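I wanted to follow a set of paired strands from one partner to the next, and these entries record what I looked up along the way.

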Amino acid sequence: MSTPTVPEDGMRINKYLSRAGVCSRRKADTLVEARRVAINGDVVTAHGTQVHPGDTVAVDGEPVGLQEKEYLVLNKPAGCITTVSDDRGRQTVMDVIGRGDANPAGLAPVGRLDRETTGVLLLTNDGDLAHRLMHPRYEIDKIYFVETRHPVKPHQLDQLRRGVDIGDDRPARAADAAYVQPPKKDWIALKLHEGRNRQIRRMCDALGHRVQSLDRVQFGGITLHGLERGAVRSLTEQEIADLRNRVS
């Protein structure tokens, strides 16, 4: 596939930065406001500034260029952190997919899974799509299988649906909660529309349950399709279209 090019009539700087995999368009506007973006050596000061064919764009002095869009799903293993790099030398999801030393496409994880959580993790250089998938207004389904040390009682499933206090400014609630394989009660499925830090572990802690394992089995309709732990694959054109439809 060929590298995208700037149209003859130009491209807004925020769209260019998004297409370059730098960030979302909204974040690009923030970079412009902070005077961190330059075109042909001149600092950009207006959101509507156009990039034209042949222009050189830089962020913080580093040149950036348009990238072919890439969309991946990783079956995240336990023990790696969901970040592009780590100054403490810990294994990252980029190391797992073989992009730890070089990431010319500008791939980044969509949201986070904590270090010991496994399962579906999307990675892309499509900043706009990534931003929308994580925005609360679109209520993207995220489904997790949770194994607890002790059985979860039926009324506690109701509590998870109604909401529990996890110490934030508002209760955390599951869009749905059910047993994965009834009558087994120490393995539950939770559907979330939000993604606060360690939310499921904190929700379970609030009910007195220790999480033994936590596996995300679906994100916005994307599943692993038999993908082995630690393996990665490209999303299909249909999967990409479905994700875009969810946030349109």
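Entry on β9. I started with strand β9, residues 118-124, and found it mostly covered, since seven of its seven residues are buried. I keep in mind throughout that this is a predicted model.

Entry on the antiparallel partners of β9. Strand β7, residues 71-76, runs antiparallel to β9 and is joined to it by six bridges, and when I looked for the partner of Val73 in β9 I arrived at Leu122. Strand β8, residues 108-109, also pairs with β9 in the antiparallel sense, here over two bridges, with Pro109 standing opposite Leu123 of β9.

Entry on β13. I then asked myself in which sense β9 and strand β13 run. The two are parallel, with two bridges joining β9 to β13, residues 211-219, and the bridge partner of Thr118 in β13 is Asp215.

Entry on β10. From β13 I moved on to β10, which pairs with β13 in the antiparallel sense over seven bridges; Val146 has Leu214 as its bridge partner in β13. Strand β10, residues 142-148, is mostly covered, and I noted five of its seven residues as buried.

Entry on β12. Strand β12, residues 187-192, pairs with β10 in the antiparallel sense, and I recorded six bridges between them. Within this pairing, Tyr144 stands opposite Leu190 of β12.

Closing entry. To retrace the route, β13 is joined to β9 in parallel and to β10 in the antiparallel sense, while β10 in turn pairs with β12.

Technical notes: Residues numbered from 1 in each chain as written. Predicted model: local features only at pLDDT ≥ 70, side-chain atom pairs only at ≥ 80, totals over all residues. Heavy atoms only, no water. Buried < 20%, exposed > 50% of the residue type's maximum accessible area, 1.4 Å probe, protein only. Helix = DSSP H or I, 4+ residues; strand = E, 2+ residues; numbered from the N terminus. Pairing = 2+ DSSP bridges.
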